[in-house]
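Student: I should like to go through this model and ask how each structural label is justified.

Tutor: Certainly; let us set each value against its criterion.

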Amino acid sequence: ESGNDKLINRTLELLSQWNAGLSSIKGHGLVKDACSELQKEGIFFPEVEAPKASFLEKAPEWVKGERCFYCRDEFSKISLSKGRHHCRNCGNSVCGSCSTQTTPLPHFNMPKPQRVCDKCYRKVKPGAPTAK
């Protein structure tokens, strides 16, 4: 297989992945149409596994709050060590006691561990113990 063949095959593989990843997004027609046109011309696309989540998912916007979303403590009365934080998975304002974990969030393209609330940590890592 020549360098050009490798490039062509890799490009077709990526187009297939993009088509699968964008299939749930309304208006993704450009990639879908390109794939359809190439298939009509006899171009073979390799089978790819559909992604578990769209690679266009955006992290939630941070929710402003005067109280922790979970324990309801007021941030103005919380010591600096407990602090106000935002869960990178759900966006809620949480105190340090209710956000004791970090974990990668690959569905938001965040491969490095991010601060998350304990509830989201249990969702993202089922069966994982929390510090509470």
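Tutor: In this predicted model, Leu12, Leu15, Ser16, Gly21 and Leu22 of helix 1 are buried. These buried residues pack against helix 2.

Student: How do you know that the span of helix 1 agrees with the expected value?

Tutor: Helix 1 covers residues 3–22, and its 20 residues should span 28 Å at 1.5 Å a residue. Its end C-alpha atoms are 28 Å apart, so the two values agree.

Student: What is the corresponding result for helix 2?

Tutor: Helix 2, residues 29–40, has 12 residues and reaches 16 Å from its first C-alpha to its last, close to the 16 Å expected. Gly42, with a positive phi near 90°, follows helix 2.

Student: What makes the contact of Arg10 with Glu13 a salt bridge?

Tutor: The closest N and O atoms of Arg10 and Glu13 are 3.0 Å apart. The cut-off is 4 Å between a side-chain nitrogen of Lys or Arg and a carboxyl oxygen of Asp or Glu, and the pair therefore qualifies as a salt bridge. Both residues lie in helix 1, 3 residues apart, about one turn of the helix.

Student: Why is Arg10 called partly exposed?

Tutor: Its relative accessibility is 41%. Buried requires under 20% and exposed over 50%, so Arg10 falls in between and counts as partly exposed. Glu13, at 29%, is partly exposed by the same reasoning.

Student: Why is Lys40 called exposed?

Tutor: Lys40 has 65% relative accessibility, which is over the 50% cut-off, so Lys40 counts as exposed. The side chain of Lys40 meets that of Glu37 in a salt bridge, at 3.7 Å from N to O. Lys40 and Glu37 are separated by about one helical turn because they are 3 residues apart in helix 2. Glu37, with a relative accessible area of 43%, is partly exposed.

Student: How many salt bridges are there?

Tutor: The count comes to 3. Among them is the pair Arg67 and Glu74, at 3.2 Å from N to O.

Student: How do you know that Cys71 is in no disulfide?

Tutor: The nearest cysteine sulfur, that of Cys68, is 3.7 Å away from Cys71. A disulfide needs two cysteine sulfur atoms within 2.5 Å, so Cys71 does not qualify. A search of the whole structure finds 0 disulfides.

Student: Are Cys35 and Cys71 buried or partly exposed?

Tutor: Cys35, at 4% relative accessibility, is under the 20% cut-off and therefore counts as buried. Cys71, at 33%, counts as partly exposed.

Student: Which residues touch the most other members of the largest nonpolar core?

Tutor: That core has 13 residues, and those touching the most other members are Cys68, Cys87, Cys95, Leu105, Val116, Cys117 and Cys120. Strand 2 (93–95), strand 4 (110–116) and helix 3 (118–124) each give two or more residues to this core. A second, separate core of 6 residues includes Leu12, Leu22, Val31 and Phe45.

Student: What makes strand 3 and strand 4 a pair?

Tutor: Pairing requires at least two bridges. Strand 3, residues 101–105, and strand 4 have 4 bridges in the antiparallel sense, so they pair. One of the bridge partners in strand 4 is Arg115, which partners Thr102. The two strands form a hairpin with 4 residues between them, and Asn109 in the turn has a positive phi of about 55°.

Student: Why is Thr103 called buried?

Tutor: Thr103, in strand 3, has 1% relative accessibility, which is under 20%, so it counts as buried. Its contacts beyond four places in sequence include Lys112, Val116 and Tyr121.

Notes. Residues are numbered from 1 along each chain as its sequence is written. This is a predicted model: local features need pLDDT of at least 70, side-chain atom pairs count only at pLDDT 80 or more; totals for chains, interfaces and linings use all residues. Side-chain values use heavy atoms; hydrogens and water are left out. A nonpolar core is a set of buried Ala, Val, Leu, Ile, Met, Phe, Trp, Tyr and Cys residues joined through side-chain atoms within 4.5 Å. Buried means under 20% relative accessible area, exposed over 50%, partly exposed in between (1.4 Å probe, protein chains only). The expected span of a helix is 1.5 Å times one less than its number of residues. Contact means heavy atoms within 4.5 Å.
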